[in-house]
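I opened my notebook to look for pockets in a structure I had not seen before. Here is what I jotted down.

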Amino acid sequence: MLETVKWEAIPREEMTKGQLKDNREKGMIPAVVSSRGKESTSFFVKLSDLQRRPYGNFIVDLVFPDKKEPINCFLKNIQFSHVGYKILHVDFQELTKGQEVDIEIPLRLTGEPVGLDKGGMVNQLIDSVMIRTLPRHLPEKFEMDISHLDVNDSIDITELELPEEITLLDPTEGTVASIIVPKEEPEPETEEEEEELEEEEAETEETSEE
């Protein structure tokens, strides 16, 4: 099961861009929580909570002052500024019992490939997958063992083993990781080699002139 954190949800009314900017500078980040069949709810979350958020996927209990029970949801998207990488806006998706959700789950590689001892290196091409499942079945991450991979071997997304209650949405095909051999870069020429090359080029030019 995913880790659950509890965050305060501070109600907000419709505001101008300037007012939203002022609140961001005070550590209040605009947010919205969406739910199927309901109107979305706008509010603020504390920047300090976002900065302390767990790594990867987790469940958030949003505590509103006017609601008896917290809203159980997951963090769907964080919008960052292009300059300074500051958090501008946060989107949450409510988790409703009995309703499936689409969510992106990290894909981790485990084991040390046998190809590493032969000069190979791991080239991971897929590091997350989109799945559909009920909230109670949400995993923290998926893992694929690559210890058996030799040089030039690869492992495909179709080899990812999923429980029957989880549906893989994207990607449904493609290479997750492969063991490649880095191309050797040519050694830099020494001064003597450069001089010999220059002499050969000069001799060639003289011959062509004759």
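I began with the second largest pocket and sorted its lining by class: 5 nonpolar, 1 polar and 4 charged residues. Reminder to self: this is a predicted model.

Next I looked up how much space that pocket holds, and got about 230 Å³. Then I asked which elements give two or more residues to its lining. I found helix H1 (17-25), helix H2 (47-51) and strand E7 (87-94). H1 has the largest share, with 3 residues. I also went through the names: the lining of the second largest pocket includes Lys21, Arg24 and Glu25, along with Leu47 and Gln51. Further along the chain, I noted Tyr85, Lys86, Ile87 and Leu88 among the lining residues too.

Then I moved on to the largest pocket. Its volume came out at about 560 Å³, and 21 residues line it. Which of them lie nearest its centre? I wrote down Gly56, Asn57, Leu75, Lys76 and Glu104.

By class, I counted 11 nonpolar, 4 polar and 6 charged residues in the lining of the largest pocket. Strands E6 (71-80), E8 (101-110) and E10 (128-133) each supply at least two residues there. E6 gives the most, with 6 residues.

Last entry: where does the largest pocket lie with respect to the domains? I saw that domain 1 (4-96) and domain 2 (102-180) both contribute to its lining, so the largest pocket lies between them.

Conventions: Residues are numbered from 1 along each chain as its sequence is written. This is a predicted model: local features need pLDDT of at least 70, side-chain atom pairs count only at pLDDT 80 or more; totals for chains, interfaces and linings use all residues. Side-chain values use heavy atoms; hydrogens and water are left out. On a 1 Å grid over the protein atoms alone, a cavity is a set of points where a 1.4 Å probe fits but cannot get out, and a pocket is an open set with protein on both sides within 12 Å along at least five of seven lines; lining residues have an atom within 4 Å of a point. Grid points are joined across faces, edges and corners, and a volume is the space filled by probe spheres set on the points. Helices (H or I, at least four residues) and strands (E, at least two) are DSSP runs, numbered from the N terminus. Ala, Val, Leu, Ile, Met, Phe, Trp, Tyr, Cys and Pro count as nonpolar, Asp, Glu, Lys and Arg as charged, and the others, Gly among them, as polar. Domain bounds come from an automatic or database domain assignment.
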